[in-house]
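Trainee: I am new to this structure and would be grateful for a close look at one part of it. Please take me through the smaller details in a connected way, including how far the model can be relied on.

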Amino acid sequence: MRDQALDDPARFVQIDGAMSSASFDPEALIDAMCPLLGLDLTPESRARTALHLRIAAQQAEKLFSIALDDADEPAPVFKA
Amino acid sequence: MTAKLLDGSAQAIAAAVKGGMVSAREVAQAALKRIEARNGALGAFTDMTAKRALAKADAIDAARARGEDLGPLAGAPFAVKNLFDIEGLPTRAGSKINRDRAPPKADATAIARLEAAGAVLTGALNMGEFAYDFTGENSHDGPSRNPHDLERMTGGSSGGSGAAVAGGLVPIALGTDTNGSIRVPSSLCGLFGLKPTYGRLTRAGAFPFVASLDHVGPLARSVGDLALAYDAMLGRDDRDPAQADMPATPVSPSLKDGVAGLRIARLGGYFARSADESALAAVDTVARALKAERVVELAGAEAARSAAYLISMVEGGALHLERLRTRGSDFDPDVRDRLIAGAMLPGAWATQAQKYRRRFRAETLALFRDVDVLLAPATPCRAPKIGQKTFVLDGQEMLVRPNLGLFTQPLSFIGLPVVAAPLWTDGQKLPIGVQIIAAPWREDLALRVAASLERAGVAAAPVAPRLDENT
């Protein structure tokens, strides 16, 4: 069943950071990535995927608001 | 007598079995009968292992007759989230897809260790599909229902674990916690839940979600049971490559040590926003009881939550990509489309998130130089209604499914050990939890604080009012 509450992704997304999620076009990313990943989305799935991409972009803005150094090591370090 | 025992603790059951007041078979039969009677209302169990449970109970009774040591959990029933391997039973992990997999030939290590301590496996429990969930809803098996209000969510993804323990079907259940999936159902169902330090307990034989963040842990109605289950699962296991080489030090003996001398503070900032009055009042109550007047900030918690969010999307998307390609229509749509989005995210975001994980860990460890235990809400509110898609926090409308864990997620991001302790307010039938947070490898401190709160009557985890008086 289609969930009307999810049809307007902007309701759940605040765009106030320096990174450019304001100009982010999830539809374009979906168009580019589906053939690469071998995915074929229904219209309903596409709308929800776009919503989650927008939310992810908002989360990335928050993450990238903190400056990290080149020397900062990622957490998982392989031990030979 | 057995019905009363089933409402009590695993410790009490074990004492009764060891003392010969009741046989393990009688306990197992009563537990299985109660599960059959109540599960229709609760949606807690997806599979029962009745034959196995009775065989194990008989073995315990035979061992007692021979005068052997029965273990600290002798005859105590338990059940596990259905992502744990149970020999001979497909490990569905809340999905339709995994039911086609061949049944495992061995149990998850955690199950084997609980059974070695005398516990009796009664079945597998409902959960959010592939553990990507904070609601306890499942489009294939139906929702697990909150025993304190059947129209309300259990929380997830270990939703069946919450329903089974709060509903009195078992005294102990196993769950997993990637971003809050033990602590959220503990809060909404009114239980004690333990998410140990990342790398502490073996995950071998548990279906993964986000390898960087996955933890195994117990839910129970008493801190003593929580500690006993944790102690039983300690120990090295080469089948989990992320397990740390730490000594297996039991925590049960230290539960009585109290909180004297512990430096306890509550978390402000991020952890004091986006919560309703009940969540903040619960932390107030605990802080007052512990005389914790200090408030400290965990700077960067919001970014930490974002980083955990992105790592979960990316690793989850990668884990399930082939299934998304070939079995997309067999997923729960709410789960599928988050995973698809995760598979499309830039690798740079995931790497930045992992870099920030190390930075945030260092900053948080510095905070623990001046404090031993931190307090924070477990969930932003009491249990939402089943089917509820959004709620309003801090004036902003948000999706329920990803945001019930907004206070748990920054803490599991850096693997801190956390006990969720349940609080009740007069006139309210729904509980809400408080997180008791310690430095890495100090589960003992978080459990000592929880035990003190339990002894003082501040936190409690009763079985929900009778669902069926005859069971």
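Mentor: The secondary structure of chain A consists of two helices and zero strands. This is a predicted model, and the confidence in chain A should be considered at the outset. The pLDDT of chain A averages 81, and 72% of the residues score at least 70. Over residues 1-12 of chain A, however, the pLDDT is below 50, although the model gives this stretch 16 contacts beyond near neighbours in sequence. Residues 14-18 of chain A likewise stay under 50, and for them the model has seven contacts beyond four places in sequence.

Of the 80 residues of chain A, 28% count as buried. When contacts in chain A between residues at least 6 apart in sequence are considered, 73% of them join residues at least 24 apart.

We may now turn to the meeting of the two chains. Chain A contributes 29 residues to the contact, and chain B contributes 36. On the side of chain B that touches chain A, the elements giving two or more residues are α10, α11 (333-343), α12 (347-367) and β13 (396-399) of chain B. By class, this side of chain B comprises 18 nonpolar, eleven charged and seven polar residues.

Two of these elements, α10(B) and α11(B), also meet each other. Their axes come within 7 Å and cross at roughly 105 degrees. Angles of 65 to 115 degrees count as roughly perpendicular, so α10(B) is roughly perpendicular to α11(B). From α10(B), the residues that take part are Met313(B), Val314(B), Gly316(B), Gly317(B), Ala318(B), His320(B), Leu321(B) and Leu324(B). They meet Arg336(B), Arg338(B), Leu339(B), Ile340(B), Ala341(B), Gly342(B) and Ala343(B) of α11(B). The residues of this contact divide into nine nonpolar, four polar and two charged.

Helix α10 of chain B leads us on to the interior. The largest nonpolar core has 162 residues, and those with the most contacts inside it are Ala173(B), Leu310(B), Ile436(B), Ala446(B) and Ala450(B). Helix α10 (residues 301-326) of chain B supplies the largest share of this core, eleven residues.

Ala446(B) offers a closer view of such a core residue. With neighbours within four places in sequence left aside, Ala446(B) is in contact with Val373(B), with Pro417(B), Val418(B) and Val419(B), and with Ile436(B), Ile437(B) and Ala438(B). One of these partners, Ile436(B), is itself listed among the residues with the most contacts inside the core.

Note on methods: Residues numbered from 1 in each chain as written. Chains lettered and ligands numbered in written order. Predicted model: local features only at pLDDT ≥ 70, side-chain atom pairs only at ≥ 80, totals over all residues. Core = buried A, V, L, I, M, F, W, Y, C linked by C-beta atoms within 7 Å. Buried ≥ 20, exposed ≤ 12 C-beta atoms within 10 Å, placed from the backbone. Helix = DSSP H or I, 4+ residues; strand = E, 2+ residues; numbered from the N terminus. Contact = placed C-beta atoms within 7 Å. Nonpolar A, V, L, I, M, F, W, Y, C, P; charged D, E, K, R; others polar. pLDDT = per-residue confidence, 0-100. Axes fitted to C-alpha atoms, helices over the stretch in contact; angles between N-to-C directions. Parallel < 35°, antiparallel > 145°, perpendicular 65-115°, else oblique.
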